[in-house]
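This report covers helix packing, domain layout and chain contacts, in that order. The sequence and structure come first.

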Amino acid sequence: MSPVEALLRPLKIKHLTIRNRVMSTSHAPSYGSDGKPKERYQLYHAEKAKGGIGLTMFGGSSSVALDSPAAPWNQISVADDSVVPFFQEFADRVHAHGAALMIQLTHMGRRTKWDTENWLPTMSASPKREPASRTIPKEMEDTDIRRIVADYAAAARRCKEGGLDGFELSAAHGHLIDQFWSPSVNKRTDKYGGSLENRMRFGIEVFEACREAVGDDYVIGIRMSGDELIDDGLTHEDCVTIARTYAERGLIDFANILGGQARDHLAHAIILPNMSFPVAPFLYLPSAIKREVDIPVFHAQRVTDLNTAGRAVAEGHVDMVAMTRAHIADPHLVRKLMEGRMDDIRQCVGAGYCIDRIYAGGDALCIQNAATGRERTMPHVIPKAAERKRVVVVGGGPGGLEAARVCAERGHSVVLFERNAATGGQISIAAKATWREALTGITRWLTQQATKLGADLRLGVEATPAMIEAEKPDVVILATGGHPSHGDVKGAELAATTWDMLTGAVEPADNILLYDGTGQHHASSCAEFLAKRGALVEIATADRMIAEEVGATNQPIHLRELYKLGVVMSPNLQLTEIYREGNKLVAVLRNEFTHEEEERLVDQVVVEFGTLPNEGLFLDLKERSANRGEMDLRALVEGRPQPHRGNGHAALYRIGDGVAGRNIHAAIYDAARLCKDL
Amino acid sequence: MIATTLSLIVIATLASGLALALIQARRWRAGRPAAVDVMAGLRALPRRYLVDVHAVVARDRFNSRFHALTAGGFLASLPLIVLLGVPALRHWTVWGLLSLALAAMLAGGLMVGWRRRVKQPAELSGGRFSRLPFALLAYATAFLVVALDQAAGGVLPSWLALALVLVGAWGCAELVLGVWKGPLKHAVHGALHLVAHPRPSRFHDGAGRDSALKPLDLEAQHLGAERPVDFAWNRLLGFDACVQCGRCETACPAYAAGLPLNPKKLIQDLVTGLESGATDLSYAGHGHPGRPIGTAHGGPAEPVIGGLIHPDTLWACTTCRACVQECPMMIEHVDAVIDLRRFQTLELGATPGKAAGVLDELRATDNPGGRPLSRRVDWAVDLDLPVLAEVRECDVLLWLGDGAFELRTQRSLRALVQLLRRAGVDFAVLGAEELDCGDVARRLGDEATFQDLARRNVTTLRRYRFNHIVTADPHALHTLRNEYKPFGLDAPVIHHTAFLLDLLRDGRLEAVSQAAGGVTYHDPCYLGRYNGEIDAPRALLDAIGVTRVEMERSGMRSSCCGGGGGAPLTDVAGERRIPDVRMDHARATGAAIVAVACPNCALMLEGVVGPRPIVAEIAELVLAATESVR
């Protein structure tokens, strides 16, 4: 028996039998609306249920009390009864597909904002400022403790009334319960502070109250760290003691273990490991705790493939594997395992796009799966079209490949031209930069799927209008991508671009000024690449910090690497001019705030200004097309087919960076949204 | 003078032939006793020959014609020539009748000659058989000329007539004395085999099919067949009837994949073993692939496996019955294999490869994978299957089989359960009470484990009330339907394809969408050849509107996937894998999908690497077809 088959064994927790060992942990995709999990949120999880998942947990950090606002990240409030009907509707939706549904409840303590929702001060064991939320909490009085314990219990009751299969209390990521546990936060001298026994007391009172509210026949779990991995935090031994104590007292029915904490920037990147980390980096922590407790142990943290997940269960490290981001990339992961189609799983590459968007105030979207979080309008399983069309796609980057894949799924006959010898487009360039290599998984999967579905990929062929017309297409989709912009600074022609460096078209010189005009991964990762090749690199940007547009789980890794490599980081400087001096270049940089100019004498200036569209082919074809290359945007947004019909000419559309330089998700969404209705 | 000579020659030859046959009979009479109704067999003989044997022979029209001409002509000529010994009957009309018979025989003889000397099909053995056309032609031509001459009043010079008589006499002797070790041995033994066949109900005068293995008396001193004499005498008689036509060789999937098994050679090895000190040096056909000819040696009281037959040959058999299906002499090759395996497993514990471990698991845990029985329904937690122990009675008992422990089979079982639900069928499963049906144990020769499982399964089944058993596993179907009878089970057992067909015909399921691309249906051996069910799966596929194409080998003559008889466990190596060969057949149809109706077939065919059609279980196709377009 293959280890993956261990994932398909049911798990029984009390009266509840979960159909397999694969779950999704509670997280906050920012789909909540007015503090409620409404249609979008429900459909997002119902899709996973449809896709065969055993247990899906929603509502990361759902709040139990008025002074733990649900407003940040559009979370869910379980602080009053109005949420119960939504729970019931949610549970029915998920149960209809055979999965179990649970929620996470918490009081965030000091780890939230006071300047939102009810404008109440934040609470904690002691008045110590929290670095991530930057709030200084109030030290809880006995009345606060009593009130909040009762709030937890009331929220627990609402879960049961709402037909959920259970809930977990968050005692991870520095929420209120683990604020009491942690000696770095809890400086109390009463019965809630001091010894570990005392620090555990608040949590025990919370669990006891919850247990009393829902009874013994309801599943209650805990989310906690197995080691905070900081000097003044909870040690692994502390965490084992806590888990064992809570389990032995019958307070918890499962322990959902993770590694690390989320107090500072780098901690965020570690607790939500991106593609620079190995797979399942913290599996040893739940494995160790499982040896100490007699309740099921769950674990999430970069388990992105079923083989790793299968081994984690088969070898007895955990009872249940959470593949949360893996489900964001492909909610039908378990179904594909059951159907013997593991090759068809769109595997999470660990780009962290989903989670980074949340920290930037957006909603969770997958870098490669445009349907996730858009289940109402975007299908995860592409239906066949009524009529078979001939589709020509130009460009084998993520947009073109997704267009080819979706059109092939629709049953159309697809030809794709790619001028390079291999598919991948700009992802192939981005992936050359050190730890960003895993990005290639995106286009590798798309290429495999398009090929498998019968799309005719013609590589190494630069499409011409004549070649396209020879295919007698009904639809032509141009995903021709872009070329790097040199910006409009004076002397821009003297600069090389990040593309030149990453592709090897230009050899790095000894002394390089790299100017970042986008704040994205491109310049930072290129700086790492150059520094690793032995260059002295200074990276300058007009932003307040390097890689400012990169989210919370990726930017710290960039910064850590740049510091380690000795790259000089110079924010707040605008590149205004480049000129030659002898065999060197001078870059003129102007301070954004003082407007004072500085100069750098370097061997090479490298710039990152994003891309400009490759539109030559589009302009050649525009007048010959049925629609003059125009997309009906209203039809696109409303999910209707484009209205253009042949009359002997093909309809012409362009997508992705071929329209305007954006990102991978935009290119894929452009393609999927257009092609699903073709 | 000529007539008397002819008559005497024939009478003398026939007498010698009879004597030889009687001596020869001592070889097979050395076998174990068998209960045979000889009188009934004798009464049934002519029609068994004309109906059952003919049905097999006539699959090749050319062969059936030359056989009718040569055998008919020869058999007619013999009494006519004897009659001509009576002077009063030497009328030209009798000579004329004889001429007609011999002319027919001559025509047949020419066809035999063309086949053996010109066309030379690879599966035919040579040796004594190469001389057969000459003997036929010598006898028919020489005596025909003589007969015509006599009818015309005798114009040939006497030296010539005498010379012709001598040539014809050689032909006659060659043919008739061939009952010893020559081609005509099959005529005598074949006829006797039809009379005393160990499975009389396989003929049209019986049930028409008899494929169930017979229970072994486990109290017997000696379990299974170790030596040739351990076979029942009528089985030895059957082996001796082999005419080495090679139809079994052509049909055998193991042979096709280059595994060391040629059913023709297997039977000939057993024939070799009927004589002390014999070797296979004189065998003039294809051997067991990869094994030399000339090294096999044995005797009636010497062990078969080892000197005569290599264990790999014995364990390469998938028990698919293709050889039995093709044999014009009605030989039961699979019974022979199982008898030999029973001794190897029960007396020697010599089951090879992973098979021994699987038998251990079966004995210890009642399933081949050694898994807790409660996990048989692990895959169905969200389907909430009714369990018979709780509901006590139901219309349909769904027998899951051991495929329920396998990921691949779980997929088709899920489809089947969803279909039953959709059609509103009142069904239940045994859940943890279901034990392995014993098929694999029995085919591997472990009759003791089979009987133990059978008895306990029957005891469980008899505790509950249900109208019929439905299963998606043809091995379970065959075992429960045919092999549990001696253990007291008498319930209708229906394959899911037949059941689903009824649901569609009754309108309880409705096909609404069509699968794209052609579908070719692969018949499971245990459903097709073992149980004759080749129509329902096809009708079911037609009912869901797929475009169906047939493989070159299909229906009752389908070719095995390699998954039966414990062959995946004994895992005897060949030049190729059996499923790879079968997938070639499927590829040749150009179909996009191979539809299977057996968990073993699904596993074997899906294990084929490289570009190939999709393997889909019929229930999966039916489920897709009855689901509205998304």
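## Helices α1 and α2 of chain A

In this predicted model, helix α1 (residues 39–50) of chain A packs against helix α2 (residues 84–95) of chain A, with axes 8 Å apart and an angle of about 25° between them. Angles under 35 degrees count as roughly parallel, so α1(A) is roughly parallel to α2(A). The crossing of α1(A) over α2(A) is right-handed.

On the α1(A) side, the contact is formed by A:Gln42, A:His45, A:Ala46 and A:Ala49. The α2(A) side supplies A:Glu89, A:Phe90, A:Arg93 and A:Val94. Sorted by class, the residues of this contact are four nonpolar, two polar and two charged.

## Helices α13 and α15 of chain A

A second helix pair in chain A consists of α13 (residues 398–409) and α15 (residues 440–452), whose axes come within 9 Å and cross at roughly 30°. That angle makes α13(A) roughly parallel to α15(A). Here the crossing is left-handed.

From α13(A), the contributing residues are A:Pro398, A:Leu401, A:Glu402, A:Ala404, A:Arg405 and A:Ala408. They meet A:Ile442, A:Thr443, A:Leu446, A:Thr447, A:Gln449 and A:Ala450 of α15(A). The contact between α13(A) and α15(A) comprises seven nonpolar, three polar and two charged residues.

## Helices α7 and α8 of chain B

In chain B, helix α7 (residues 185–195) and helix α8 (residues 233–240) pack with their axes 8 Å apart, at an angle of about 145°. α7(B) passes α8(B) in a left-handed crossing.

The residues of α7(B) that make the contact are B:Lys185, B:His189, B:Leu192 and B:His193, while α8(B) contributes B:Leu237, B:Gly238 and B:Asp240. By class, two of the contact residues are nonpolar, three are polar and two are charged.

## Domains of chain A

The domain assignment splits chain A into domain 1 (3–359), domain 2 (390–483 + 613–675) and domain 3 (486–609). Domain 2 of chain A is thus listed with two segments, 390–483 and 613–675.

Between domain 2 of chain A and domain 3 of chain A, the C-alpha centres are 32 Å apart. Five residues of domain 2 of chain A are in contact with nine residues of domain 3 of chain A. On the domain 2 side, these residues are two nonpolar, one polar and two charged.

## Domains of chain B

For chain B, the division is into domain 1 (2–194), domain 2 (223–347), domain 3 (365–505) and domain 4 (519–626). The centres of domain 1 of chain B and domain 4 of chain B, taken over C-alpha atoms, are separated by 44 Å.

## Contact between the chains

How many residues of chain A are in contact with chain B? There are 12 in chain A, and they are in contact with 11 residues of chain B. The chain A side of this contact has five nonpolar, three polar and four charged residues.

## Confidence

The predictor assigns the complex an ipTM of 0.85 and a pTM of 0.90. For chain B, the average pLDDT is 93, and 99% of the residues score at least 70. Where pLDDT is low, predicted coordinates should not be read in detail.

Note on methods: Residues are numbered from 1 along each chain as its sequence is written. Chains are lettered from A and ligands numbered from 1 in the order in which they are written. This is a predicted model: local features need pLDDT of at least 70, side-chain atom pairs count only at pLDDT 80 or more; totals for chains, interfaces and linings use all residues. Domain bounds come from an automatic or database domain assignment. Two residues are in contact if their C-beta atoms, placed from the backbone, lie within 7 Å. Ala, Val, Leu, Ile, Met, Phe, Trp, Tyr, Cys and Pro count as nonpolar, Asp, Glu, Lys and Arg as charged, and the others, Gly among them, as polar. Axes are lines fitted to C-alpha atoms, for helices over the stretch in contact, and angles run from 0 to 180 degrees between N-to-C directions. Helices (H or I, at least four residues) and strands (E, at least two) are DSSP runs, numbered from the N terminus. Angles under 35 degrees count as roughly parallel, over 145 as roughly antiparallel, 65 to 115 as roughly perpendicular and the rest as oblique. A crossing is left-handed if the near helix is turned anticlockwise from the far one by less than a right angle, and right-handed if clockwise. pLDDT is the predictor's confidence in each residue, from 0 to 100.
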